[in-house]
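Trainee: I've just opened this one and don't know my way around yet. Could you walk me through it?

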2 protein chains.
Amino acid sequence: MREAGAPGGGLLGRVLLARVVEPGDETAGRWVRELGVAEVVRRLRCGGEPLPGVSGTRWAGLVARAGRAEPERDLAVARAAGARFVCPGDAEWPGQLDDLGDARPVGLWVRGLPNLRMWALRSVAVVGARACTEYGTHMAATLASDLAERGWVVVSGGAYGVDGAAHRGALAARGATVAVLASGVDRPYPRGHAALIGRIAQQGLVLAELPPGDHPTQSRFILRNRVIAALTRGTVVVEAARRSGSLATARAAQRLGRFTMGVPGPVTSALSAGVHELLRGEAALVTDAAEVVELVGDMGDLAPARRGPVLPRDLLQPAARTVLAALPGDRVAGVEEIALDARTTRDEAIARLYELRALGYVERHGEGWKLTRQALNSVRSGHHPR
Amino acid sequence: MREAGAPGGGLLGRVLLARVVEPGDETAGRWVRELGVAEVVRRLRCGGEPLPGVSGTRWAGLVARAGRAEPERDLAVARAAGARFVCPGDAEWPGQLDDLGDARPVGLWVRGLPNLRMWALRSVAVVGARACTEYGTHMAATLASDLAERGWVVVSGGAYGVDGAAHRGALAARGATVAVLASGVDRPYPRGHAALIGRIAQQGLVLAELPPGDHPTQSRFILRNRVIAALTRGTVVVEAARRSGSLATARAAQRLGRFTMGVPGPVTSALSAGVHELLRGEAALVTDAAEVVELVGDMGDLAPARRGPVLPRDLLQPAARTVLAALPGDRVAGVEEIALDARTTRDEAIARLYELRALGYVERHGEGWKLTRQALNSVRSGHHPR
């Protein structure tokens with residue numbers, strides 16, 4: 001981690017860059033890759049010769065923005081909104097975002113208890129039209145709650161329509177859900193979803209690439225979609241008209257080698273036309289959560305459950321160890337019971353349970369949770385007495 | 001044509017076999033292939049040593065049926081119902097049925113004016129559930145009429161639901177349609193479709209593998225499906241529950257190397273579940289006739305239109321030549337106008353127009369017909385003055 005601790009680099013440097021550079025700016029990504037954050041920040045701050053790949057005018061604009069940036073203030077505003085800044089090199093950084101290459105986010109603003117890296121390990125995006133039909137709402141909610149019940153994290157964009165239904169479906173199943181916003185993490189967009197996004201931040205995670213206070217624009221929506229695509233193992237499009245933004249997410253997923261899936265609908269519905277277009281290409285047709293999991297659950301390197309826990313119990317964070325210790329050895333327990341036994345909140349318990357799920361310690365059975373056989377064996381073998 | 005003209009072989013021999021052998025009996029198919037029709041009929045009639053592959057009891061049953069068979073009477077009954085018998089070796093036999101190997105029909109009973117071989121060249125099957133939804137009816141009718149307007153022949157099974165909607169869609173577009181029955185050609189099944197099947201026999205073709213008077217059984221429906229699959233370039237399943245008979249048609253089409261297509265529907269509809277199952281396999285998702293034609297129209301060897309007429313004008317049947325001569329050289333003409341000019345009926349004109357379409361002479365434009373450029377060139381070059 002070249003930039004860690006360096007003046008102008010590290011956390012503050014990246015917070016500054018997140019303020020100066022638009023999401024997905026590959027030129028800036030190249031600078032960071034080639035020179036390191038500290039050097040890029042230094043050059044932006046001293047405002048000398050432009051870095052390669054930008055005009056003098058554009059460089060002057062970036063330098064002006066860097067001059068106005070107040071990274072400490074951004075961090076303070078975010079902290080007040082309950083958000084932290086997670087960036088490459090951090091233990092919580094989801095490594096799969098590196099697949100974006102130079103378009104990788106400089107960092108992510110994160111609200112919520114769970115560990116982003118852990119949650120992203122077993123996550124699926126469920127996206128679709130804002131102006132969806134009742135069918136779209138129904139399918140998104142059903143898929144999301146069934147995915148959550150199978151121990152999968154449902155990622156979406158927090159928008160009206162399919163996105164909202166997916167988040168609500170996961171929340172209703174006491175499941176894990178992540179909203180990736182195209183605005184600042186403290187500026188829930190759309191405003192009508194402020195309460196929903198607040199609820200997601202309590203029970204799950206709310207992410208933003210843009211710095212606190214920023215508003216979404218059309219291009220920011222599109223660029224946000226690449227984060228959803230890269231973060232997850234696959235993207236399911238539930239309803240989408242032709243030329244819909246959700247198709248951009250699906251195509252980004254395809255380019256990144258993720259699974260792209262679509263839920264078919266009536267040919268007579270314009271809101272299924274975009275999905276059918278996808279399905280006539282490389283995307284897989286899925287009709288339920290089992291079919292989604294059948295696809296995305298097959299990636300050996302990211303599916304630790306079958307091989308048993310990937311992290312020794314002693315290396316778990318104390319909060320996760322406490323929740324793990326609260327699971328009975330011989331039966332399924334509900335979230336409330338586990339939370340009570342671990343002397344913590346329901347939301348905290350959910351956060352840790354999905355992390356433990358990603359690590360292969362627990363599995364979800366309908367409404368409740370259970371230790372995996374591997375976790376039980378490791379207890380019985382006496383190496384990790386509870 | 002080994003059996004042509006041979007006593008006990010040829011037409012009468014095959015008519016007898018069609019009475020004795022159940023559709024799709026591969027053992028009998030092998031006998032015919034290895035010994036020829038005449039010899040198989042001779043052995044069945046003299047009732048000696050069983051032919052290979054059947055038990056003595058079964059052989060005795062076949063011999064008894066052969067003894068009761070009255071092929072001349074079958075022909076007379078069929079003739080009274082307006083049907084002819086078309087068998088391998090006949091000019092009208094559709095060669096693609098030979099892909100069925102030993103399960104190839106012994107022959108087909110055919111009602112209707114058009115030439116079966118010509119019509120089958122550019123045909124697509126549209127099949128699906130009997131108890132379909134309104135959505136299924138709508139999609140089947142729309143697909144069929146749009147396929148007919150593109151000059152394609154719509155083949156189906158004459159059943160209630162999707163089949164009936166497909167036939168009606170084609171008929172309504174003054175198009176070409178073929179019903180392949182699982183009963184005798186003189187016993188329209190279901191009874192409630194007697195009028196529809198009668199109309200198909202006037203404007204299109206009604207086929208049956210079973211001899212006159214025979215009734216359908218469950219296994220006969222399934223075996224009929226292989227004829228639909230083999231006759232056409234591809235099969236579109238519009239609506240089908242899991243384990244539906246239409247899926248058998250689709251799978252037969254797949255085995256025969258034909259295109260298999262499915263029309264998606266709501267995941268919430270049990271009548272789309274079978275189609276989605278297909279689409280999750282090898283079948284292509286199609287949402288309209290253009291997409292169907294894009295697939296099935298690509299088979300070079302069966303698509304003569306692009307290379308111009310495949311049959312010299314002088315070799316056309318007189319009826320087809322007359323209809324061809326009735327097309328104006330410079331514009332689209334309606335069926336009525338063409339029929340009037342050719343001094344024939346509308347149904348006869350439709351029969352010949354789709355034959356001429358298969359041969360590359362004419363093309364359909366919406367409601368009317370037009371000479372192809374190739375046909376015009378052959379006129380202009382003076383070789384075939386009208």
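Mentor: Sure, and let's begin at a spot in chain B: R243(B) counts as exposed, because just 10 C-beta neighbours sit inside 10 Å and the cut-off for exposed is 12 or fewer. Keep in mind that this is a predicted model.

Trainee: Where does R243(B) lie, and what is its phi?

Mentor: Look in the loop between β7 (234-237) and α11 (245-255) of chain B. Most residues other than glycine have a negative phi. R243(B) is not a glycine, yet its phi is positive, about 60°.

Trainee: Is R343(B) buried or exposed?

Mentor: First find the loop between α15 (335-341) and α16 (346-358) of chain B, where R343(B) lies. R343(B) isn't a glycine either, and its phi is positive at about 50°. Now count: 9 other C-beta atoms fall within 10 Å, and 12 or fewer is the cut-off, so R343(B) is exposed.

Trainee: Which residue does Y189(A) join through a cis peptide bond?

Mentor: Most peptide bonds are trans. For this one, check the loop between β5 (177-181) and α9 of chain A, home of the proline in question. Omega is about 0° there, and the partner of Y189(A) is P190(A).

Trainee: And in chain B, what is omega for the peptide bond from Y189(B) to P190(B)?

Mentor: P190(B) sits in the loop between β5 (176-181) and α9 (194-203) of chain B. The bond from Y189(B) to P190(B) is cis, with omega near 0°.

Trainee: How is chain A divided, and how far apart are the centres of domain 2 and domain 3 of chain A?

Mentor: Chain A has domain 1 (10-86), domain 2 (109-300) and domain 3 (304-380). Taking the centres over C-alpha atoms, domain 2 and domain 3 of chain A are separated by 26 Å.

Trainee: Which element gives the largest share of the side of domain 2 of chain A that touches domain 3 of chain A?

Mentor: In that contact, 15 residues of domain 2 of chain A meet 13 residues of domain 3 of chain A. On the domain 2 side, α6 (116-121) and α9 (194-203) of chain A each give two or more residues. The largest share, three residues, comes from α6(A).

Trainee: What about the two chains: which element of chain A gives the most to the side that touches chain B?

Mentor: Here 14 residues of chain A are in contact with 14 residues of chain B. At least two residues each come from α7 (134-149) and α12 (270-279) of chain A. The chain A side divides into eight nonpolar, five polar and one charged. With three residues, the element giving the most is α7(A).

Technical notes. Residues numbered from 1 in each chain as written. Chains lettered and ligands numbered in written order. Predicted model: local features only at pLDDT ≥ 70, side-chain atom pairs only at ≥ 80, totals over all residues. Domains from an automatic or database assignment. Contact = placed C-beta atoms within 7 Å. Helix = DSSP H or I, 4+ residues; strand = E, 2+ residues; numbered from the N terminus. Nonpolar A, V, L, I, M, F, W, Y, C, P; charged D, E, K, R; others polar. Buried ≥ 20, exposed ≤ 12 C-beta atoms within 10 Å, placed from the backbone.
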